[in-house]
Amino acid sequence: MGETTRRMTRKAVTTAGILLFIAAACGLCFIGLDHLFPFDTTGRPVSTVIADRHQAPLRAFADKNGVWRYPAGPDQASSLYIQALLAYEDRWFYYHPGINPLAICRAFFQNLVHGRIVSGGSTLTMQTARILDVNEQGHSPSSPRFFPRMGVKLRQMFRAFQLEYHFSKDEILGLYLTHAPFGANIEGIRAACYTWLGKDAKEMTRAEAALMAVLPQAPSRYRPDRHPDKAARARDKVLDRMGKFGIWTADRIRAARQEPVIAFRFPTSMTAPLAARRLKAVYPGTALINTFIDETLQMNMAELLRAYMDSVPPKQSGAVLVVNHKTLEVEAYAGSADFFNTSRLGHVDMIRALRSPGSTLKPFIYGLAMDQGLIHSHSMLLDVPRYKKDYNPGNFTRGFSGPVTVTRALQDSLNLPAVQVLEAYGPGRFHDRLRNAGARFQFKGRPNLSMALGGVGTSLESLVTLYTALGRGGIAGKPRLTPREPIEERYLMSPGAAFIIRDILSRPFPGRQGVGRLSGALSPAWKTGTSYGFRDAWAMGLKGDYTVGVWIGRPDGSPSPGQYGAVTALPLLGQVMESLISDPKAHKPPKSISKARICWPSGLAASGIRGRAKGACAKTFDAWILDGQIPPTMTGETGLTAPLRRTFRVDRRGRRATPACGGIKKETVVLWPWQAEPFIPAHWRRAALLPKDSRACPGMAPLILPGIKIVSVSDNSILTRQPGQNASSSIPLRAMGGRGAHQWFLNKKPLMNADGSAPFFISMPAPGRYHLAVVDESGSFDQIIFNVIELNP
């Protein structure tokens, strides 16, 4: 008995050794064959998919063969689908080494008994190997003469072993989910769900999961759009198996059978076509490009823009860019009104196009000037003609307001005050600061004063970059479309200046004042702009954590008369703002700013000058002050600070006199700038503030020169003209006072003779309304309005 046991033990050991030897030899042989004939699983490129922040495709680009194939993994498909797939195709997928010997034997005997193929016996790994091994006739790109005469099944087995050797089970399942055929030019479960179900692969119902599990078995025969009845019968087979194995309950299977198969092919998503095109060019060959875009918000913005185009003239387009300036993530990117509309040139991305920004750069002129100590929120600026200046623009309204606060100048988008401040700050310096903050500019020549009114080329994206600084404490940030893009931040202005500018720009949209008060919502900050010739209408805004940019115009650069920022772009900005959900909390002012009561015309604190100088505090304002500094009023040729104070002695009668002729008391008067005189009340003007000279002191230098006054035509006068009257009739040009030569302007155009001298008469103009102005060499000017009418015969 003991000898028998020893003999059996030796036999078992010998047998085990032989089996181990055979296994080792097979393993070494497999490793050698795997090295000689590697399995290239990267031979099939996938489509380029641009996805939103929740992995929903915004747009996809087919591969070079026109196949739609999205990368997928087990975590990107519904668990119901994974259950149905494994139950129907390979229940032992996670346990076998690539082949299932029992399944192969069962299939062999079933096929032998029936005399035809009724069962394949292939595992999911073998099916994946067959799909990836592009040539099943014994040839593959990596092994042109490998297994030239062996059966397809043996080839699939070898390739299945290779997959199991190099990949995990989940990775193999991911290869199947990416490359399985689903009919037509659709491959992979994600592309199939979007095409046949119109939804993400994670959202499948049980009926849909069963259909998708069986569809790769016969993709052409079971195509839902062509053969819905056959597809339904095949789906029900899968449902039967799910019930047979007890994976799903009978009630759920019965409910799943009631769902119809939709005979429809859903179109490929084109939710953000221009953003997707841009990213595909930046990241060529990338299978999946995730973005920060929110599909729902993107669709809302695109629909708002498309609907809004019904209210603008033909051939115009529009663009909307929504950025969360807290994270710098682009959440909506509508680069044109309608990508497929050729008449509106919908293929042109107007978020990146270089256009004239109009007045949208003005907030940064004032913000940087505050940091420089030139102005505060209620400094006096002059909205007056810039006669005898190289750059002499007008206002959009063609009128003048005289002395205005920085706040009013910015809110009303007055041109001349912005030019005054830019001239003091320096256009070259201004350009450099904006460029350093991330803006992209295109110039003809060097930076100049025309930048204040849009005399530069830039893009909506660059403007949004700059406006993010108003919501980020003065730090501008480049909008980011994808997580691949690093955060790029640049200093633009101080937190205090950024807060003041945003506070100035914060007010209800026109016509919405009452709504804002009733709702209790904080007003958004906004600024409009219109380029020269009505070519571009802009509206920029901030609400909560969002910075929004809107552009409307013609992509070819043609004018659109009557279309400007406040009328054309601002209403759309209001609609966009209303659709954004943001934090309603008020923004706290930084410690660097405070409130102070300041005086005009001096511009200084009321507490420091009240009662010390005559006329110093004619008007008061509550202003935002930065770093405790209160700069005086800017005056002078370049807008730089210059003294407005005049100090002199007066006699007992209050007349100006020197000490030698009775001047016993020293007095100081603060004067308004010369250019403001025509716009202020008479009791604030020089003539009322400054005393007359004492007759006992002849020869004193005058404190003021006599102001200039048009005397040949009265203000608001009506001049008549006979029918057919020609140039023989004329209007005399006469003015009193002033210093030096006079320069005349009609409707802001200079009047001069052929030799450059000032004329004494002008020809009677055609009927209409006219603005006549005169300026002397000191900058003193006068202006009147007159009308010309033609008498009826």
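Helix α9 (residues 228-244) has 17 residues and spans 24 Å from its first C-alpha to its last. That is close to the 24 Å expected at 1.5 Å a residue. The model is predicted. The buried residues of α9 are A231, A232, A234, R235, D236, V238, L239 and M242. They pack against three helices: α2 (79-89), α8 (206-214) and α10 (250-257). Just after α9, G246 adopts a positive phi of about 70°.

The setting of this helix is a protein of 793 residues, of which 50% count as buried. The protein contains 22 helices and 27 strands. Among contacts with a separation of 6 or more, 68% are between residues 24 or more positions apart. The accessible surface comes to about 37,900 Å². Carbon and sulfur atoms account for 55% of that surface.

Helix α18 (residues 495-505) is an example of a buried element. Nine of its eleven residues are buried, so α18 is largely enclosed by the rest of the structure. The buried residues are G496, A497, A498, F499, I500, I501, R502, I504 and L505. Both helices and strands cover them. The covering helices include α13 (362-371) and α14 (406-411). The covering strands include β12 (525-530), β13 (536-543), β15 (593-601) and β16 (617-626).

On the surface, W92, Y94 and Y95 form a nonpolar patch. Together these residues have about 410 Å² of accessible area. Y94 lies in the loop between α2 and α3 (101-114). Its relative accessible area is 39%. Y94 is classed as partly exposed because this value falls between the 20% limit for buried residues and the 50% limit for exposed ones.

Strand β23 (residues 743-746) is buried on both sides. Q743 and F745 point one way, W744 and L746 point the other way, and all are buried. In a regular strand, side chains alternate between the two faces of the sheet. β23 pairs with two strands, β26 (residues 768-775) and β24 (residues 749-751). The pairing with β26 is antiparallel and has four bridges. The strands β23 and β24 also run antiparallel, joined by three bridges. F745 takes part in both pairings. Its bridge partner in β26 is A773, and its partner in β24 is P750.

Methods: Residues numbered from 1 in each chain as written. Predicted model: local features only at pLDDT ≥ 70, side-chain atom pairs only at ≥ 80, totals over all residues. Heavy atoms only, no water. Buried < 20%, exposed > 50% of the residue type's maximum accessible area, 1.4 Å probe, protein only. Contact = heavy atoms within 4.5 Å. Areas by Shrake-Rupley, 256 points an atom, 1.4 Å probe, with all protein chains shown as cover. Expected span 1.5 Å × (residues − 1). Patch = residues over 30% accessible without salt bridge, like charges linked within 9 Å, V, L, I, M, F, W, Y side chains within 5 Å. Salt bridge = Lys/Arg side-chain N within 4 Å of Asp/Glu carboxyl O. Pairing = 2+ DSSP bridges.
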